[in-house]
Amino acid sequence: MSPGALIARWTAPARRAEAAYDALIALPLIVSATAVAWRLGGGGVALVAALATLAAAVVVAWLRVKRFDLTWLVARLDARRPELEDSAELLFASAPLGPLQSLQRDRLMARLDAGSPEALAPERDRRWVIAAWIAGTLIAVAAVAWPRPGDLPQTLAPVTGQAAAPGAPRLVAQGLRIRPPAYTGLPVRDQGELDARVPEGTRLEWTFRFSPEATAPRIEVLGGASPTLRHEGDVWQAEIVARQSMLYRVQAGPDAAVGPLRRIDVTPDAPPQVRVLSPENSLTFVIAGQRSWTPVFSATDDYGVAANARLRITLAIGEGENVTFSEREISITARGAARDRRFAPVLDFGQLGFAAGGDLVVQLVVRDTRSPGPQEVRGPSLILRWPTADPQSSGLEGMINTTLPAYFRSQRQIIIDAEALIRQQRRLSDADFLRRSENLGGDQAILRGRYSQFLGGETEGAPQLPTSDAAAPAHTDDDGHDHGAPPPATAGGGFGRMEDVLAEYGHEHGEAEASGLDPNTRRLLRQAVDAMWLSERELKTGHPDRALPHANEALDRIKEVQQATRIFLNRVGRELPPIDPTRRMTGKREGIDSRDLPLGAVEATDGPAVEAWRILEQSRPGSGEAAALSALETWVRANGERLPDPLAITAALDAVRRDPGCSACRQRLRGVLWTAMERPEAEVLRRRTPDATGARYLDRLAGGGR
């Protein structure tokens with residue numbers, strides 16, 4: 001038998017015994033730690049605690065079992081087996097032995113088989129196992145059976161000052177238990193008041209005691225569903241999950257006095273807020289020798305931000321239509337407290353493939369801890385640019401430009417987006433697919449308009465003069481400027497083409513050489529614009545598959561234009577409409593459009609509120625008041641989101657309905673309605689009537705008497 005197999009055979013019983021002993025001690029500790037974690041944090045925390053303690057127990061057991069190696073085995077055999085004559089090390093020697101050593105080894109090997117490997121296992125102290133099980137059991141039982149703050153009976157607060165008819169039940173004790181959602185980290189609390197402000201999703205538990213015993217009490221919710229009260233011993237209990245703010249009152253019975261209104265304000269969970277701490281500007285440039293970039297983000301939330309977030313990285317390498325885009329997302333971990341996280345990823349240029357002439361765009365995507373349905377927020381984008389030249393230099397960029405770098409950047413991206421939309425068509429509804437296709441067609445239209453500028457196009461429609469002379473032609477032979485020779489008729493003219501319409505009915509006021517394009521380049525650009533128009537048409541009608549051939553054709557024409565070396569642009573100012581010299585210095589204003597803007601009626605959205613406010617001005621209820629208040633109630637429910645405090649209006653409205661003759665109640669409702677109505681638009685004040693001196697002054701200005 002080889003030395004390795006011999007060592008494994010004689011150490012295996014001791015290792016198994018040690019592993020079993022450690023497992024007996026670790027098991028109750030794992031159970032107790034899991035029970036405590038479940039009690040404090042719920043099932044998720046308990047699972048994490050169980051896995052963590054189990055992993056720690058495995059590591060400790062492995063380190064303890066590792067002790068039983070060759071050194072331990074030799075020492076154990078020499079101590080337990082005197083017949084081996086303190087020469088057990090010869091049994092496991094791997095180096096060649098001499099004649100005497102070989103003879104001694106054979107003698108020891110014959111003696112070794114007389115014993116058993118199980119006899120070498122060390123004795124275990126069972127007291128540690130018993131102590132571990134007792135301690136673990138006590139901790140687990142205490143963690144499970146110990147009452148939570150929300151499991152204890154409520155301590156009811158006495159209710160005083162409520163009038164009641166003789167013999168009618170009345171509320172004598174009350175309590176409200178508030179259980180916020182677990183993700184908020186807020187504790188369960190009891191209070192004697194029935195008004196509260198709670199997070200959305202909070203469970204509200206009411207407990208009431210009546211004297212004498214009530215038979216049919218109820219919780220009356222204004223404008224909503226009322227929870228059901230159930231009889232538990234000598235108290236009545238009800239519960240509800242608060243999703244929106246509400247007003248309610250507790251009624252001891254049909255003959256009991258009307259209870260006061262109570263208010264529950266529900267605060268929705270706000271989405272996380274992402275701020276950029278570094279760098280200060282959204283666009284920064286790579287400095288000499290820089291090989292990495294560390295943007296720093298701050299994410300805050302009212303209850304907590306998830307520790308893990310995603311960093312969306314967009315890399316653009318190249319210039320013009322040769323730009324290649326790549327997107328990826330990496331997971332990053334935050335530092336700091338749950339409500340104020342810090343994200344500082346280190347981005348290595350070499351790993352990302354970022355090089356000179358490219359842009360690196362990063363955007364942080366974070367989530368809060370709301371459960372279920374965490375809210376996801378995208379932070380601002382940061383751009384790191386690696387210029388090929390000094391970004392501050394200007395030189396002759398205004399006079400000599402390379403081949404239209406700013407305008408020829410997006411056609412390839414339109415093709416990429418169209419291909420992606422076609423691949424996603426099966427997963428999108430028809431309405432979403434058409435909407436995204438129309439948006440892509442709008443991008444194509446914007447790009448087509450930019451390219452058209454280099455063909456002399458100014459606007460999409462026909463030019464308009466600042467006058468409204470509908471009867472006068474746009475240009476006449478005596479309008480004061482040269483029109484040039486009439487353009488020759490072209491056989492290839494197409495209907496609706498901008499240059500053909502302009503050649504037939506007008507002329508260009510701009511300098512023909514302003515664009516600096518040679519005829520071949522203009523022809524290629526015209527073909528690109530025509531292909532873009534066809535692509536735009538198909539995209540806006542929801543056929544991106546038909547638009548791809550035209551978009552690719554436009555891209556091919558653009559790449560041919562890019563083969564030109566330089567384009568020289570003349571500096572030209574704004575091209576104003578022509579001036580009619582025959583009208584100059586004459587004072588004639590005929591035909592000039594009025595610059596007065598038409599006044600449109602303002603559509604107010606608080607009609608029922610205004611009507612109710614006017615009716616409530618009377619000290620006593622009048623005709624039509626019931627209908628006005630009903631319309632007001634409907635209006636408040638429909639416009640609750642834009643009103644500053646809809647519950648205050650509902651409470652005041654309920655008071656007026658219960659006591660129509662209460663002047664204070666009517667004035668209170670008018671007051672809250674006034675704050676909820678739209679502010680009137682500012683009006684132009686009339687000029688103050690002049691006094692005698694001012695009248696004489698104005699009269700003399702008008703040429704009156706002295």
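The legends below describe several close-up views of a predicted model.

**View 1. A nonpolar patch on the surface, to which helix α1 contributes three residues.** Leu-24, Leu-27, Val-31 and Trp-133 together make up this patch, and their combined accessible area is about 350 Å². Helix α1, which covers residues 3-41, supplies the largest share of the patch. Val-31 is one of the residues located in helix α1, and with a relative accessible area of 45% Val-31 is partly exposed.

**View 2. Leu-6, a buried residue of helix α1.** Leu-6 also belongs to helix α1, but here the relative accessible area is 4%, so Leu-6 is buried. Although Leu-6 and Leu-91 stand 85 residues apart along the chain, their C-alpha atoms are separated by 8.6 Å.

**View 3. The largest nonpolar core, with 25 residues.** Within this core, the residues that touch the most other members are Leu-204, Trp-206, Phe-208, Tyr-248 and Ile-264. Two or more residues each are given to the core by β2 (170-179), β4 (196-199), β5 (202-211), β6 (218-221), β8 (235-242), β9 (246-251) and β10 (262-267). Of these elements, β5 gives the largest share, which amounts to four residues. Leaving aside residues up to four places away in sequence, Leu-204 has contacts that include Leu-176, Ile-178, Val-198, Ile-240, Met-246 and Ile-264, and among its other partners are Arg-177 and Glu-239. A second core, separate from this one, holds 24 residues, including Val-274, Trp-293, Ala-309 and Leu-384.

**View 4. Salt bridges between neighbouring strands in the numbering, β15 and β16, and between β15 and β20.** Arg-310 and Glu-376 form a salt bridge in which the closest N and O atoms are 3.2 Å apart. Because Arg-310 lies in strand β15 (residues 308-317) and Glu-376 in strand β20 (residues 376-386), this pair ties together parts that are 66 residues apart in sequence. Both partners count as partly exposed, Arg-310 at 27% relative accessibility and Glu-376 at 36%. A further salt bridge joins Glu-329 to Arg-312, with the closest N and O atoms 2.9 Å apart. Here Glu-329 lies in strand β16 (residues 324-333) and Arg-312 in strand β15, so the parts tied together are 17 residues apart in sequence. Glu-329 counts as partly exposed, at 41% relative accessibility.

**View 5. The salt bridge of Asp-125 with Arg-127.** The closest N and O atoms of this pair are 3.0 Å apart. The two partners fall into separate classes of accessibility, since Asp-125, at 27%, counts as partly exposed, while Arg-127, at 65%, counts as exposed.

**View 6. A network of salt bridges that links five named residues, Arg-218, Glu-220, Arg-249, Asp-654 and Arg-658.** Salt bridges connect these residues into a network, and a search of the whole structure finds 30 salt bridges.

**View 7. Cys-662 and Cys-665, two buried cysteines.** Cys-662 has a relative accessibility of 18% and therefore counts as buried, and Cys-665, at 11%, counts as buried as well. A disulfide is a covalent bond between the sulfur atoms of two cysteines. The structure holds zero disulfides.

Key: Residues numbered from 1 in each chain as written. Predicted model: local features only at pLDDT ≥ 70, side-chain atom pairs only at ≥ 80, totals over all residues. Heavy atoms only, no water. Patch = residues over 30% accessible without salt bridge, like charges linked within 9 Å, V, L, I, M, F, W, Y side chains within 5 Å. Areas by Shrake-Rupley, 256 points an atom, 1.4 Å probe, with all protein chains shown as cover. Salt bridge = Lys/Arg side-chain N within 4 Å of Asp/Glu carboxyl O. Buried < 20%, exposed > 50% of the residue type's maximum accessible area, 1.4 Å probe, protein only. Disulfide = S-S within 2.5 Å. Core = buried A, V, L, I, M, F, W, Y, C linked by side-chain atoms within 4.5 Å. Contact = heavy atoms within 4.5 Å.
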